[in-house]
Amino acid sequence: MCGIAGYISSKGTDKNVLKAMTDRIAHRGPDGEGFFADSLCGLGHRRLAIIDLNPGDQPIYNEDKNIVVVFNGEIYNYRELREELIGKGYHFATNTDSEVLLCGYAEYGTSLPERLRGMFAFVIWDKQNKTLFGARDFFGIKPLYYAQMNGTLLFGSEIKAFLKHPSFEKTLNTAALEEYLTFQYSAMEETFFKGVFRLQPAHYFTYKDGVIRAMWPRSRTWIRPSPWASARMRNTTRSAGRRTSPRPSASRISPRSSSRRNTGASSGTSSTRWMSLWLTLRRSRCSLSASWRPSRSRSCSPARVRMRSSAGTMS
């Protein structure tokens, strides 16, 4: 686990503010810290060293120092991507998966996340084009939040990092609170802090000239829920509510075993369908645990148990 934080402001950057932001998330990376700052963008990183312990400090730059990245997570297929990029003429100074993101962005641009396998949240600053690019993994394992306030874009692994920036306005989001009190979970993109958003799983964003755009990749690799998936999920949740069996069928709720069997041979048609269904469920704010709650048998109801025990005592 690592932590990233940073901001873009037309008013310039302050390394003291940047350090204060990363200090708030020091628990995410006790092994080291690193900073980058120019006239527009500041990036901070707290590192938990796992791969390439010595030269793997972040932020990491590409060869010509025009692209810089801060990264939280792990890229499982970074060795394959590294060999592919070396074949295209790129040179690497470290053995980290972080540097693969830099060369991959230089080669593939915003389509880079489609080639990644892993759990990740990263932000790349392109100094030449004055563009910020960030992405989050398919399942949203690694967190990434952002807020645009008072001419400043804030981003980081945790919202508490924003509290140390002078442009941040701490205001309660009553809409998110209402949803939490109703469902015990807030599925909104906006968090409990008004104006602070979570980057959704399988999304990436770009920021340039004061405009932020969050979007889905267009490749089939990251599949957006289709109309078929939406209809299938509605039918599944409706029928699940009428179940009378003690527990739902494992084949219906646990695609893990089938996806493991299919990952080697075929890219997993079944796992792809389950991913679409999972995302549809997340977006529709449903709860499988609520829909598939086992029905209580009459013979095992607490009232009947008490009656039986009392009858036994009387006899």
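**A hairpin, its sheet and one helix**

Let's start with a pair of strands. Five bridges join strand β8, residues 145-149, to strand β9, residues 152-156, and the two run antiparallel. Keep in mind that this is a predicted model.

How many residues sit between β8 and β9 in their hairpin? Two. One residue in that turn to look at is N150. It has a positive phi of about 50 degrees. Along the pair, Q148 of the hairpin stands opposite L153 in β9.

Now the other partner of β8. That is strand β10, residues 196-198. Three bridges join β8 to β10, and again the strands run antiparallel. Here A147 has V196 of β10 as its bridge partner. Is β8 mostly covered or mostly open? Mostly covered: four of its five residues are buried.

Step back to the sheet. Six strands form it, and the sheet is open. Read the order with me: β2, β3, β1, β9, β8, β10. The pairing is antiparallel. Which strands stand at the edges? They are β2 and β10. Each has a single partner strand, so one side of each is left without a neighbour in the sheet. From one strand to the next, the twist averages 15 degrees.

Look at β1 and β3 within that order. Six bridges join them, and they run antiparallel. As one example of the register, I4 stands opposite H45 in β3.

Next, the helix on this sheet. Helix α1 packs on the sheet and touches β1, β2, β3 and β9. The direction of α1 makes about 150 degrees with that of β1.

Which residues of α1 are buried? The helix spans residues 15-23, and V17, L18, M21 and T22 are buried in it. Why are they on the same side of α1? Because they cover an arc of only 135 degrees around the axis. What do the buried residues of α1 pack against? Four strands of the sheet: β1 at 3-9, β2 at 32-37, β3 at 41-47, and β9.

One more detail on α1. The N-terminal end of the helix is capped by D14. A side-chain oxygen of D14 lies 2.9 Å from the backbone nitrogen of N16.

Now a single residue, V70. You will find V70 in strand β5, residues 67-75. Is V70 buried or exposed? Buried, because its relative accessibility is 0%. The cut-off for buried is under 20%.

What is V70 in contact with, leaving aside neighbours within four places in sequence? The list includes I4 and H45. Those two residues stand opposite each other in the β1 and β3 pairing. V70 also contacts L43, G44, Q58 and P59. Further along the chain come A121, F122 and V123. Then take G134. V70 and G134 are 64 residues apart in sequence, yet 9.6 Å apart in space, C-alpha to C-alpha.

Last, the whole chain. There are 10 helices and 12 strands. Of the 315 residues, 43% are buried. Take the contacts with a separation of 6 or more: residues 24 or more positions apart account for 57% of them. And the surface? The chain exposes about 17,200 Å², and carbon and sulfur atoms supply 50% of it.

To recap: a hairpin of β8 and β9, an open sheet of six strands, and α1 packed on that sheet.

Notes:
Residues are numbered from 1 along each chain as its sequence is written. This is a predicted model: local features need pLDDT of at least 70, side-chain atom pairs count only at pLDDT 80 or more; totals for chains, interfaces and linings use all residues. Side-chain values use heavy atoms; hydrogens and water are left out. Buried means under 20% relative accessible area, exposed over 50%, partly exposed in between (1.4 Å probe, protein chains only). Two strands pair if DSSP finds at least two bridges between them. The arc is that of the directions from the helix axis to the C-beta atoms. Contact means heavy atoms within 4.5 Å. A polar contact is a pair of N or O atoms within 3.5 Å; within protein, one must be able to donate a hydrogen and the other to accept it, and residues adjacent in sequence count only if both atoms are side-chain atoms. Accessible areas come from the Shrake-Rupley method with a 1.4 Å probe; for residues, only the protein chains shown count as cover. Axes are lines fitted to C-alpha atoms, for helices over the stretch in contact, and angles run from 0 to 180 degrees between N-to-C directions.
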